[in-house]
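New notebook page. I want to look up a few things here and jot them down as I go.

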Amino acid sequence: MRRNKLYLSMLCCSLAIPLSAVAQDDEAVEEIVVTGSYLKREKFDMASPVETINAIEIQQSGYSDMGPYLRDLTYTANVDTVANVLGTADGQQDGNSARFNLRGLGTSSTLTLFDGRRVLNSGAVSAIVPDIALSQVDVILDGGAALYGTDAVAGVVNLVPIQSYEGVKVTGYYNKDAQWTSDETKISGLWGTSTDKLDIVAALEYSEREDAVYRSDRPKYLRADNDSSPLGNPGSFNLNVFGGVPVIDPECGSANDGLTDDGQAGAYPSGIPALPISASVPAYFCTFEYGAYQDYKRPYDNLTAYVSTTYQLTDDIALKMLINHNDRNSILIASPSTGEIGSNTLLNIPASHDANNLTFAGFPGSASPFYWRPFSNNGATQPSHLDDRGSDDSEFNYITSSIALGTEFNIGSSGWSGETYYTAATTSTNIDGHVLNLDRLQ
């Protein structure tokens, strides 16, 4: 009897469901939301999604070149576009160089291509081709390691140049910051001719920044930076007592009256004594504020040339030649001297020397530099190669040239195509700087 009741109740429920559905069909449907579709979409037919950046977008952005534009892309981490000021005590700030760093996985994980081929010097993207000769930038946002290798784990960027153009185009750019501390100029020209069989394109670009923007030119930001180095002048010494102990120079911090603004050049000329390690162990190094000697933007001049030639030998065979050349000079603005770490016996000061008044627990001893920077802006006579702000300026010259000769061909009517290329490239770096010779310094 109970089974019959259960069966009847289930039957009534099953009959109620279609009746309810019929009743709902009479109501008007206002909106239908499709959450899935089998419709064909071209973007999703590709092996990986591709983001295309048109050259016009870069030109209309207001930036002087491609490098700053890359910095603001949502999928690019600007680790190397504007290098980390605090990377070392010498800054390593170079706004001229820029390379892709997709998703922040490191610049060595993003492969940069030019017209589908690897380039020898991808460390300065804007030096590969003049911006005026750039057609577009294709960015593969998925990893391409399976096809290109481990240097494409984060993705692949392909710079596509203009290879067919008719006429002449000239552009100019001038920029000056709101504080009138630095200006930037760029002049570009593009020429091209095209016939039924031959396409020739040539481009030349010159840009320069005459004056540096020092970090002391922006006091607000310099005060917020952590730019203290334990390698000061005067610094600390290794005192040869009890097996050797570090002691701070007695003159550390003695000449800072009126010069204690972290945002100004020449602040703390005699350093700042570090806090004691403990109640019984005194401070043993004298800090040096190196930030004011570094730059936010450094002087440079940059010349980039590009030539493309395409000859259509037959309907299925095309001969191509691509030539690139870049000559870039950049001024590295750094601290007056490199810090010396460790006991330096070449500069040993005997305990009997009249100028050696260093003691530890009342015991004198011979001393040698331990944490020490030979030169700083402390009012003493400076080396002649330092600029008027006390910074050490070094000139870096980068030259990169390449030529690619190739053939592109179609294989009959099968729809297959291929290419064969030979590329020769050279790159060189010349540095005109100054290195301390401690033997001579003694």
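Are Cys252 and Cys286 buried or exposed? I checked, and both Cys252 and Cys286 come out buried. Note to self: this is a predicted model.

**Entry 1, the cysteine pair.** I looked for disulfides and found one in the structure. Cys252 and Cys286 form it, with their sulfur atoms 1.9 Å apart. I also looked up the turn about the S-S bond: it is 85°, and the link is right-handed. Then I asked myself which parts this pair ties together. Cys252 sits in the loop between strand 12 (245–248) and strand 13 (272–273), while Cys286 belongs to strand 14 (residues 286–289), so the link ties together parts 34 residues apart in sequence.

**Entry 2, a glutamine in a loop.** Moving along the chain, I stopped at Gln294, in the loop between strand 14 and strand 15 (295–297). Why does Gln294 count as buried? Its relative accessibility is 1%, and the cut-off for buried is under 20%. Next I looked up what the Gln294 side chain reaches. One partner is the backbone oxygen of Tyr290, at 3.3 Å. Another is the side chain of Ser335, a polar contact at 3.0 Å.

**Entry 3, the sheet.** I traced an open sheet of seven strands, in the order 6-7-8-16-17-22-23, with antiparallel pairing. Its edges are strand 6 (167–176) and strand 23 (416–432), each of which pairs on one side only. Neighbouring strands in this sheet are turned against each other by 10° on average, direction ignored. I zoomed in on one pair: strand 16 (residues 300–312) and strand 17 (residues 317–334) run antiparallel and are joined by 13 bridges. Within this pair, Tyr306 stands opposite Asn324 of strand 17.

**Entry 4, the nonpolar cores.** Tyr306 turned up again when I looked at the largest nonpolar core, which has 30 residues. Tyr306 is listed among those with the most contacts inside this core, along with Ile53, Leu134, Val137, Val139 and Leu159. Which elements each supply at least two residues of this core? I noted helix 3 (55–60), helix 4 (66–71), strand 4 (134–140), strand 5 (155–161) and strand 8 (198–209). I then picked Ile53 and listed what it touches, leaving out residues up to four places away in sequence: Ile58, Tyr69, Leu73, Tyr75, Gln136, Val137 and Val139. Last lookup of the page: there is a second, separate core of seven residues, and Leu239, Val245, Val247 and Leu358 are among them.

Key. Residues are numbered from 1 along each chain as its sequence is written. This is a predicted model: local features need pLDDT of at least 70, side-chain atom pairs count only at pLDDT 80 or more; totals for chains, interfaces and linings use all residues. Side-chain values use heavy atoms; hydrogens and water are left out. Two strands pair if DSSP finds at least two bridges between them. Helices (H or I, at least four residues) and strands (E, at least two) are DSSP runs, numbered from the N terminus. Axes are lines fitted to C-alpha atoms, for helices over the stretch in contact, and angles run from 0 to 180 degrees between N-to-C directions. A disulfide is a pair of cysteine sulfur atoms within 2.5 Å. Buried means under 20% relative accessible area, exposed over 50%, partly exposed in between (1.4 Å probe, protein chains only). A polar contact is a pair of N or O atoms within 3.5 Å; within protein, one must be able to donate a hydrogen and the other to accept it, and residues adjacent in sequence count only if both atoms are side-chain atoms. A nonpolar core is a set of buried Ala, Val, Leu, Ile, Met, Phe, Trp, Tyr and Cys residues joined through side-chain atoms within 4.5 Å. Contact means heavy atoms within 4.5 Å.
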